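I opened the model today and kept notes as I went. The entries follow in the order I looked things up.

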Amino acid sequence: QVQLVESGGGLVQAGGSLRLSCAVSESIFSISDMGWYRQAPEKSRELVAQITSGGTTTYADSMKGRFTISRDNAKNTVYLQMNSLKPEDTAVYYCNAKGPWYRPYNYWGQGTQVTVSS
């Protein structure tokens, strides 16, 4: 069974930084498009950033310039570097793995809490 395990969340002051990690348990990582999503209380889950299996990245507008997604295929791990954090970035952050057209799948991690104090 595929598992996605996030780590790196925590409490940080506004203006600070955190780096989230998501380790994927199986060799599907190299063919997966990886994403980070977040869900704040009483809000819908939203996309933060994505990185394709080929390394192409996309970001939500409010994260551009502050967040950086990257991947290490040798470690089956995707990262989210978050800088200049704001209180409105407070949310549970989820890792996601999507399969290619010839082997579709959609896996989620359990989430990691990020809290930004003002």
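Entry 1, contacts along the chain. I took the contacts (heavy atoms within 4.5 Å) between residues at least 6 apart in sequence, and 54% of them join residues at least 24 apart. I note that this is a predicted model, in which local features need pLDDT of at least 70 and side-chain atom pairs count only at pLDDT 80 or more, while totals for chains, interfaces and linings use all residues. Residues are numbered from 1 along each chain as its sequence is written, and side-chain values use heavy atoms, with hydrogens and water left out.

Entry 2, overall form. I found 0 helices and 11 strands in the protein chain; helices (H or I, at least four residues) and strands (E, at least two) are DSSP runs, numbered from the N terminus. The C-alpha trace spans about 45 × 25 × 25 Å along its principal axes. I looked up the radius of gyration, which is taken over C-alpha atoms, with a globule rule of 2.2 Å times the number of residues to the power 0.38. The chain has 14 Å, which agrees with the value near 13 Å for a compact globule because the chain has 118 residues.

Entry 3, burial. I use three classes with a 1.4 Å probe and protein chains only: buried is under 20% relative accessible area, exposed is over 50%, and partly exposed lies in between. Of the 118 residues, 41% count as buried.

Entry 4, the core. Which residues touch the most other members of the largest nonpolar core? A nonpolar core is a set of buried Ala, Val, Leu, Ile, Met, Phe, Trp, Tyr and Cys residues joined through side-chain atoms within 4.5 Å. The largest one has 30 residues, and Met34, Trp36, Val78, Leu80, Met82 and Tyr93 touch the most other members. Several strands each supply at least two residues of this core, among them β3 (18-24), β4 (33-39), β8 (77-82) and β9 (91-98). My textbook point here is that nonpolar side chains tend to be buried together in soluble globular proteins.

Entry 5, Tyr93. I left aside the neighbours within four places in sequence and listed the contacts of Tyr93, which include Leu20, Trp36, Leu80, Met82 and Thr112. Thr112 is also the bridge partner of Tyr93 in β11. β9 and β11 run antiparallel and are joined by 3 bridges.

Entry 6, a sheet. I count two strands as paired if DSSP finds at least two bridges between them. An open sheet of 4 strands has the order β1-β3-β8-β7, with antiparallel pairing. Its edge strands are β1 (4-7) and β7, each pairing on one side only. β3 and β8 pair over 6 bridges in the antiparallel sense, and Leu20 stands opposite Leu80 in β8.

Entry 7, β11 and its other partner. Strand β2 (residues 10-13) pairs with β11 in the parallel sense over 4 bridges. The bridge partner of Val12 in β11 is Val116. The covered face of β11 holds Thr112, Val114 and Val116, and the uncovered face holds Gln113, Thr115 and Ser117. I recall that side chains alternate between the two faces of the sheet in a regular strand.

Entry 8, Ser117. Is Ser117 buried or partly exposed? Ser117 counts as partly exposed because its relative accessibility is 27%. Beyond its neighbours within four places in sequence, Ser117 is in contact with Leu11, Val12, Gln13 and Ala14. I also checked Cys22, which is 95 residues from Ser117 along the chain, and their C-alpha atoms are separated by 24 Å.
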